[in-house]
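User: I'd like to go through this one and check what each label rests on. Can you walk me through it?

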Amino acid sequence: VGKVVRAPPDDQGDGKALTIHAAGRNPGDPLRHGDVVALQAVTGKTEAELLLHSIVATSARPTTLPEEFSGVAVEATGEPQRPVWTLTRMAGEGEVQLDDTIMLEAGGLRLGVVGG
């Protein structure tokens, strides 16, 4: 089963990459405001294949979350391409552009990176 999403700052391998899979879109199609996406991470490797899981929210508070923040941890334990995050393009409708700001939400929770 998947693991907590964490990588040392000097790790530049596959373990830091996230692949975004949008429901109803072909690979390579632009992401759009309102797409429901899966965030897929490499969680391990065997001789034959990479082990893949999607990022999902847990009910646990992260031990490293500063006091001024509230939230729950995420882990790479979901089905690899099961979309759970709704993408909001802060500029509104349309395709996500290179310098766009986006928000990802699932079950009333927003995905954030703290101290990363």
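**Strands, partners and one serine**

Analyst: Sure: Leu18 stands opposite Ala41 in S3. Bear in mind that this is a predicted model, where local features need pLDDT of at least 70 and side-chain atom pairs count only at pLDDT 80 or more, while totals for chains, interfaces and linings use all residues. Residues are numbered from 1 along each chain as its sequence is written, and side-chain values use heavy atoms, with hydrogens and water left out.

User: What makes S2 and S3 a pair?

Analyst: Two strands pair if DSSP finds at least two bridges between them. Strand S2 (residues 18-22) and S3 are joined by five bridges and run antiparallel, so they pass that cut-off.

User: How do you know that S3 pairs with S6?

Analyst: S3 and strand S6 (residues 85-89) have two bridges, in the antiparallel sense, so the requirement of at least two is met. In S6, Trp85 is the bridge partner of Val37.

User: And what links S3 to S4?

Analyst: A hairpin does, through four residues. S3 and S4 also run antiparallel, joined by five bridges, and Lys45 stands opposite Leu50 in S4.

User: Why is S3 called mostly covered?

Analyst: Buried means under 20% relative accessible area, exposed over 50%, and partly exposed in between (1.4 Å probe, protein chains only). In strand S3 (residues 36-45), seven of the 10 residues are buried. For the protein chain, buried residues make up 24% of the 116 residues.

User: Why is Ser54 called buried?

Analyst: Its relative accessible area is 2%, and the limit is under 20%, so the label fits. Ser54 sits in strand S4 (residues 50-57).

User: What does the side chain of Ser54 reach?

Analyst: The backbone oxygen of Glu79, at 2.8 Å. A polar contact is a pair of N or O atoms within 3.5 Å; within protein, one must be able to donate a hydrogen and the other to accept it, and residues adjacent in sequence count only if both atoms are side-chain atoms.

User: Which residues does Ser54 touch?

Analyst: Contact means heavy atoms within 4.5 Å. Leaving out residues up to four places away in sequence, Ser54 touches Leu39, Gln40, Glu75, Ala76, Thr77, Gly78, Glu79, Pro80 and Arg82.

User: How many helices and strands does the protein chain have?

Analyst: Zero helices and eight strands. Helices (H or I, at least four residues) and strands (E, at least two) are DSSP runs, numbered from the N terminus.
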